[in-house]
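This report is meant for a reader who is meeting the structure below for the first time. It moves from contacts and the core to the overall form, and then to single residues.

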Amino acid sequence: MRHAIPAWIRIPVIFLIIAGALEFLIDSGETYAFIKYPLLAVALLVLLLLLLAAEFILDAFENIMFQALSPEAKERYMAAQQERMKKYDLRELYKKAMGTRPISEERDLELDHNYDGIKELDNKLPPWWLYSFYASIIFAAGYMAYYHIFDGDDQLAEFETEMLAAKLAVEEYKKNAPDLVDAESVVLLTDAGDLDKGAALYQTNCMACHAADGGGGIGPNLTDKHWILGGGIKNVFHTISEGGRAGKGMIAWKSSLKPTEIQQVASYILSLEGTTPANPKEAEGEVWTAE
Ligand code: HEC
């Protein structure tokens, strides 16, 4: 029974069935289960080795049994074995698939047609071609039913559904990732907790150039209505994140502060507007009015 199917088919088939079943049963999201769980890949490798080992052991057993047979029995066994092997011999399979018949049999293929000495051979279509043709007819029927009768999603519709899902996913992600604020999406924070955090960040990072009360020094006064690089939370966020004009000394803070921190310190600075610093630097830039 074991020899009904040779090992070179049996092992991969068993292996693929088991691996496929595991892949189907284990929920691994978008990736393959054996990639997500490396342990599974190891287990599959062990399985493959076990299958090979079982094969070798069975072969060894068979060998021993064979040696124990009488000479006639050996011969009978060998003959039966050869017959079975032929069925799965790759060359035999190939010949069958091509459906070719040797030239010596050409006489059998000849039809009665004879056109001035040119004879017609009734060569059968090769089975591989014939069956692919049948398969394509069956496929075409399914294809037509799906797309043209039941109006299945075509490429464009599939694309649009995927884009929509992706957009929703991005929005969902942004909701759960507050650190994703940028100069476009930033809003002014007024919460005391946020402003306190902003103040603390300001004292550590900005005070040296803008003075403890925002009155200015190396950097401009941050308490007046004048802004060199634009006022309002969006511009201020952008300035802090990307830095001032080249060579002026205001660096881009985005590499050392997180977006939320920039948002907090920017909100804090804007909360200083209208306060009176001890040593105000004279106003620079334009009066900023929000449009
Ligand atoms: C090394 C000194 C220095 C430090 C530290 C510094 N700044 Fe500045 N800042 C400047 C200078 C100089 C300018 C003017 C840039 C220009 O003219 O382009 C400026 C400009 C600005 C502006 C724009 C003002 C306007 O009128 O448009 C803001 C807002 C600002 N800084 C905020 C901050 C914040 C917040 C920090 C701390 C995270 C900080 N700065 C740290 C030197 C500094």
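Two residues are taken to be in contact if their C-beta atoms, placed from the backbone, lie within 7 Å. The model shown here is predicted, and in it Ile269, leaving aside its neighbours within four places in sequence, is in contact with Gly214, Leu222 and Val236.

**The nonpolar core**

Ile269 and Val236 also appear together among the residues with the most contacts inside the largest nonpolar core, a group that further includes Phe237, Ile240, Ile262, Val265 and Ala266. This core has 14 residues; helices H11 and H12 each supply at least two of them, and H12 gives the most, with 6 residues. As a general background, nonpolar side chains in soluble globular proteins tend to be buried together.

**The surroundings of the ligand**

Which helices each supply at least two residues of the shell around the ligand? They are H10 (207-210), H11 (232-242) and H12 (259-271), so that H11 and H12 contribute both to this shell and to the core described above. There are 23 residues around the ligand, and those that come nearest are Cys206, Cys209, Gly219, Gly244 and Met250. By character, the shell divides into 14 nonpolar, 7 polar and 2 charged residues.

**Overall form**

The protein has 12 helices and 4 strands, and its domain assignment gives domain 1 (7-88) and domain 2 (192-287). The C-alpha centres of these two domains lie 71 Å apart. Along its principal axes the C-alpha trace spans about 115 × 65 × 40 Å, and the radius of gyration is 40 Å, whereas a compact globule of 291 residues would have one near 19 Å. Of the 291 residues, 12% count as buried. Among contacts between residues at least 6 apart in sequence, 66% join residues at least 24 apart.

Two separations between C-alpha atoms, both involving Leu48, are set out in the table.

| Pair | Separation along the chain | C-alpha distance |
|---|---|---|
| Ile14 and Leu48 | 34 residues | 9.3 Å |
| Leu48 and Gly219 | 171 residues | 69 Å |

Ile14 has its place in helix H1 (residues 7-25), while Leu48 lies in helix H3 (residues 38-68). Leu48 counts as partly exposed because it has 16 C-beta neighbours inside 10 Å, and Ile14 is likewise partly exposed, with 14 other C-beta atoms within 10 Å. Gly219, the other partner of Leu48 in the table, is one of the residues that come nearest to the ligand.

**Two residues with positive phi**

Most residues other than glycine have a negative phi. Asp116 nevertheless has a positive phi of about 50° although it is not a glycine, and Ala211, also not a glycine, has a positive phi of about 70°. Both are found in loops: Asp116 lies between strand S1 (110-115) and strand S2 (118-121), and Ala211 lies between H10 and strand S3 (226-227).

Are these two residues buried or exposed? Asp116 counts as exposed, because it has 4 C-beta neighbours inside 10 Å and the limit for an exposed residue is 12 or fewer. Ala211, by contrast, counts as buried, because it has 21 C-beta neighbours inside 10 Å and a residue is buried at 20 or more.

Key. Residues numbered from 1 in each chain as written. Predicted model: local features only at pLDDT ≥ 70, side-chain atom pairs only at ≥ 80, totals over all residues. Near = placed C-beta within 6 Å. Nonpolar A, V, L, I, M, F, W, Y, C, P; charged D, E, K, R; others polar. Core = buried A, V, L, I, M, F, W, Y, C linked by C-beta atoms within 7 Å. Domains from an automatic or database assignment. Rg over C-alpha atoms; globule rule 2.2 N^0.38 Å.
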